[in-house]
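Colleague: Could you walk me through this one slowly? I am new to reading structures, and I would like to take it piece by piece.

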Amino acid sequence: MAGGRRDKVQSIRGTRIAIAIVIGVLLGCVFAFLFPHGFFTPNSSIQNRRIVTSNVQTGTSCESPERVNMLKSNIASLSETNAGLKKRVRELTEKLRLAEQGQDNAQKQVMVLGDQHKVGPFGTVKALRTNPTVVPDESVNPRLAKMLEKVAVGKELIVALANSNVKSMLEVWFTSIKRVGITNYLVVALDDQIVEYCKTNDVPVYKRDPDQGIDTVARTGGNHAVSGLKFHILREFLQLGYSVLLSDIDIVYLQNPFDHFHRDSDVESMTDGHNNMTAYGFNDVFDEPTMGWARYAHTMRIWVYNSGFFYIRPTIPSIELLDRVADRLAKQPNSWDQAVFNEELFFPSHPGYEGLHAAKRTLDFYQFMNSKVLFKTVRKDAKLKKMKPVIVHVNYHPDKLPRMKAVVEFYVNGKQNALDAFPDGSEW
């Protein structure tokens with residue numbers, strides 16, 4: 001009996017041990033599954049993530065095949081949507097970069113020019129043409145500011161640069177201005193001789209403060225070199241808030257030009273053109289026979305603006321134009337100021353170049369007449385000879401002084417044959 005009881009106790013004890021081992025193994029598996037990184041890991045977020053993952057896996061294991069397929073479909077759809085959102089984010093990021101690169105110029109222009117407007121009916125929409133003027137800054141040149149207060153009329157004046165090389169033409173120039181009754185004009189003297197000459201003849205004159213770079217060109221430079229200085233010098237006039245009619249010296253004034261400007265553009269300039277096509281632009285068809293059917297290519301052409309006679313308003317685009325031209329002339333000493341002036345005014349934006357956003361107007365070529373129009377066309381036409389231009393610019397001919405005097409004889413003194421002795425062009 002005792003032996004049987006002892007065997008039974010040992011059997012029960014063995015069973016309990018086996019159960020304990022099994023339970024221990026099962027618990028170990030469960031904890032190993034739920035806590036693969038250890039039960040006492042310091043990263044609680046990992047524990048939570050594993051618990052959630054376990055729950056999801058446990059839940060899905062009980063789902064039906066239809067439910068599993070639906071979840072897979074949803075996951076695929078969300079993945080596709082996510083890819084689309086990523087693409088959209090990339091596109092918006094690029095647009096934002098471009099917008100920041102352009103510094104939101106369009107919105108800034110709206111803020112400057114006024115409120116945004118709705119579009120009106122067809123045929124009634126007109127774009128803004130006139131840029132606002134800058135805020136005058138007298139600190140730029142207080143001495144010049146005081147002088148302009150006395151000379152300018154309606155914040156406008158004629159400005160001309162002159163050195164001793166053009167003294168004879170200068171006399172014809174300011175005599176014609178006085179004859180018309182213009183009072184708002186100023187000579188920027190490039191040497192002391194011109195200062196004394198102007199004072200002697202009661203001509204408003206201004207001598208800039210010493211500047212070695214400018215003064216060297218002013219004293220010894222030829223016609224084109226001196227002409228290039230004006231873009232640097234004019235900047236101060238515009239910063240002070242004045243509109244300037246820049247005038248070369250080889251010009252005869254027959255009427256007051258300020259009565260003929262539109263003042264709707266940054267720049268109004270006379271043209272080197274000699275008829276409607278060349279002055280105002282035309283469609284020039286280029287023929288290349290080797291192209292066959294596409295042999296004809298349409299191009300746009302216009303004769304250049306004359307950089308020796310233009311009216312410029314004190315606007316940001318105008319000052320930018322002066323800066324661009326002055327900078328290029330300084331870096332490209334062999335360039336011609338009139339060519340650079342027109343390139344900066346007309347060339348559009350293109351890869352590697354940001355064009356100037358300036359409004360421009362071509363002046364009437366019969367009113368603001370160049371010498372080619374006068375000597376090739378007008379003097380030979382009985383009707384055109386009766387017209388009196390606002391100015392005549394002797395820009396096409398090197399014998400400037402005698403032709404200027406002949407213009408005065410013809411239009412002022414009425415000598416009908418005063419222009420006849422001159423050839424259409426130059427003799428060299």
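Modeller: Let me begin with a term: two strands pair if DSSP finds at least two bridges between them. Please also keep in mind that this is a predicted model.

Colleague: Okay, so in which sense do β11 and β12 pair, and over how many bridges?

Modeller: Strand β11 pairs with strand β12, which covers residues 391-393, in the parallel sense, and three bridges join them. If you want a place to look, find N370, which stands opposite H393 in β12.

Colleague: And what is the strand order in that sheet?

Modeller: The order is β5-β12-β11, in an open sheet of three strands with mixed pairing. The edge strands, each pairing on one side only, are β5 (251-253) and β11 (368-370). From one strand to the next, the twist averages 15°.

Colleague: Which helix packs on the sheet?

Modeller: That is helix α15, residues 400-411, which touches β5, β11 and β12, and whose direction makes about 20° with that of β5.

Colleague: How many residues does α15 have, and how far does it reach?

Modeller: Helix α15 has 12 residues and reaches 16 Å from its first C-alpha to its last, which is close to the 16 Å expected at 1.5 Å a residue.

Colleague: Which residues of α15 are buried?

Modeller: The buried ones are K400, R403, M404, A406, V407, V408, F410 and Y411. The buried residues of α15 pack against the three strands β5, β11 and β12, and also against the helices α6, α13 (371-376) and α14 (382-385).

Colleague: Since α6 came up, at what angle do α6 and α7 pack?

Modeller: Helix α6 (residues 167-180) and helix α7 (residues 192-200) pack at an angle of about 35°, with their axes 12 Å apart, and α6 passes α7 in a right-handed crossing.

Colleague: Which residues meet there?

Modeller: From α6 there are K167, L170, E171 and F174, and they meet I194, Y197 and C198 in α7. By class, that contact has five nonpolar, no polar and two charged residues.

Colleague: Changing topic, is strand β9 mostly covered or uncovered?

Modeller: Strand β9, residues 305-312, is mostly covered, with eight of its eight residues buried.

Colleague: Which strands pair with it?

Modeller: One of them is strand β4 (residues 243-247), which pairs with β9 in the antiparallel sense over four bridges, and there L246 stands opposite F310 in β9. Strand β6 (residues 267-271) also runs antiparallel to β9 and is joined to it by four bridges, with Y311 in β9 as the bridge partner of E268.

Definitions and conventions:
Residues are numbered from 1 along each chain as its sequence is written. This is a predicted model: local features need pLDDT of at least 70, side-chain atom pairs count only at pLDDT 80 or more; totals for chains, interfaces and linings use all residues. Side-chain values use heavy atoms; hydrogens and water are left out. Helices (H or I, at least four residues) and strands (E, at least two) are DSSP runs, numbered from the N terminus. Axes are lines fitted to C-alpha atoms, for helices over the stretch in contact, and angles run from 0 to 180 degrees between N-to-C directions. Contact means heavy atoms within 4.5 Å. A crossing is left-handed if the near helix is turned anticlockwise from the far one by less than a right angle, and right-handed if clockwise. Ala, Val, Leu, Ile, Met, Phe, Trp, Tyr, Cys and Pro count as nonpolar, Asp, Glu, Lys and Arg as charged, and the others, Gly among them, as polar. Buried means under 20% relative accessible area, exposed over 50%, partly exposed in between (1.4 Å probe, protein chains only). The expected span of a helix is 1.5 Å times one less than its number of residues.
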